[in-house]
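Student: I would like to learn how to read a predicted model, beginning with what the word "buried" means. Could we go through it step by step?

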Amino acid sequence: MSWDRQISIKSKDELNLMRDAGIINAEALKAAAEACVPGATTYDVNAAAEEVHHRYGVTSPFRGVPGPIPFPANTCTSVNHILVHGIPSKKHVLKEGDIISVDCGTTLKGYVADSAFTIGVGKISDAARKLLEVTENSLYEGIQRMRVGYHTGDVSAAIQAYAEGRGYFLTKQYTGHGVGRKMWEAPQVPNYGIAGQGVRLKAGIVIAIEPMVLIGTEKTKVLSDGWAVAAADNSLTAHYEHTIAVTEDGPRVLTLLSDGNPPVSVIGMSGDRLSQELAKGL
Ligand code: MG
Ligand code: MG
């Protein structure tokens, strides 16, 4: 079977269900962001997201993912040099100047939404702020290309051009991915690639696009807990992610709040501005 044929095409009803999952996911991320204050632990940040999940009676596809230990939380909390897959911990106290990525998944009626942000804890350095801005902007560069007739390589290449063009690095080991009934579906969408290559996008394809940006190196290492992935040189890292459907009307971001705003934005992206930019096209 060709790679292309493994890609599931979602119906309008399925997309609406995924949008409902995405709204809850956005609310969980927003609650998590509000908990990212000096003195809080990464356990507290995860607990804020889980409280939202409990309120809606939904689960997270993250919990129980097989590994050295089954993943024990509904979110990944990854601080500073940790790029992805940090396990929330009562021992990890956030301090002023840290940056933290929160990655959250939500399963509603069998459909998954997947999204992540990175923000500062209190006041952060200019270098950290620039990293967060470049990472978030690179995500929107990718989203702009989630259009019928474009290719996954266009999405990948746009992210790469934006981040590398500003002197940053992207991991080659972890990628964006199709999402739907499972958290990881075909196709894989790396954060590097060649425009015009890859899978041709058509309406009903849903992809979690997730640039993972590093300041000093593209190399990563898995830490001793077997989960956390860190920059090999311990420099700062950031991660932004949305779940996006390709539709005949353009990209539909499924992981926004019900009012259309992103749950978190360091660049001040609003729902209105995002709609305008996506309507404008390239
Ligand atoms: Mg994610
Ligand atoms: Mg993902």
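Tutor: A residue is called buried when its relative accessible area is under 20%. Bear in mind throughout that this is a predicted model.

Student: Is C36 buried or exposed?

Tutor: C36 has a relative accessibility of 5%, and therefore counts as buried. C104 is buried as well, with a relative accessible area of 0%.

Student: How many disulfides does the structure hold?

Tutor: A disulfide requires a pair of cysteine sulfur atoms within 2.5 Å, and the structure holds zero of them. For C36, the nearest cysteine sulfur belongs to C104 and is 12 Å away, while for C104 the nearest is that of C76, 9.2 Å away.

Student: Which residues are the protein donors of the magnesium ion (ligand 1)?

Tutor: The donor atoms come from D103, which is listed twice through OD, from D114 (OD) and from E241 (OE), and they lie 2.0 to 2.5 Å from the ion. Along the chain, these donors follow the spacing D-x10-D-x126-E. D114 sits in strand β4 (residues 111–120), whereas E241 sits in the loop between β12 (237–239) and β13 (242–247), so that the pair links distant parts of the chain, 127 residues apart. Both D114 and E241 are buried.

Student: Which residue coordinates both magnesium ions, ligand 1 and ligand 2?

Tutor: D114 coordinates both, and the two ions are 3.1 Å apart.

Student: Which residues touch the most other members of the largest nonpolar core?

Tutor: This core has 61 residues, and F117 is among those touching the most other members, as are V45 and I100. The contacts of F117 include L29, V102, Y240 and V264. A second, separate core has 16 residues, among them M18, F71, M183 and W227.

How values were computed
Residues numbered from 1 in each chain as written. Chains lettered and ligands numbered in written order. Predicted model: local features only at pLDDT ≥ 70, side-chain atom pairs only at ≥ 80, totals over all residues. Heavy atoms only, no water. Donors = N, O, S within 2.8 Å, 3.2 Å for Na, K, Ca; no water. Helix = DSSP H or I, 4+ residues; strand = E, 2+ residues; numbered from the N terminus. Buried < 20%, exposed > 50% of the residue type's maximum accessible area, 1.4 Å probe, protein only. Core = buried A, V, L, I, M, F, W, Y, C linked by side-chain atoms within 4.5 Å. Contact = heavy atoms within 4.5 Å. Lists of a residue's contacts leave out its neighbours within four places in sequence.
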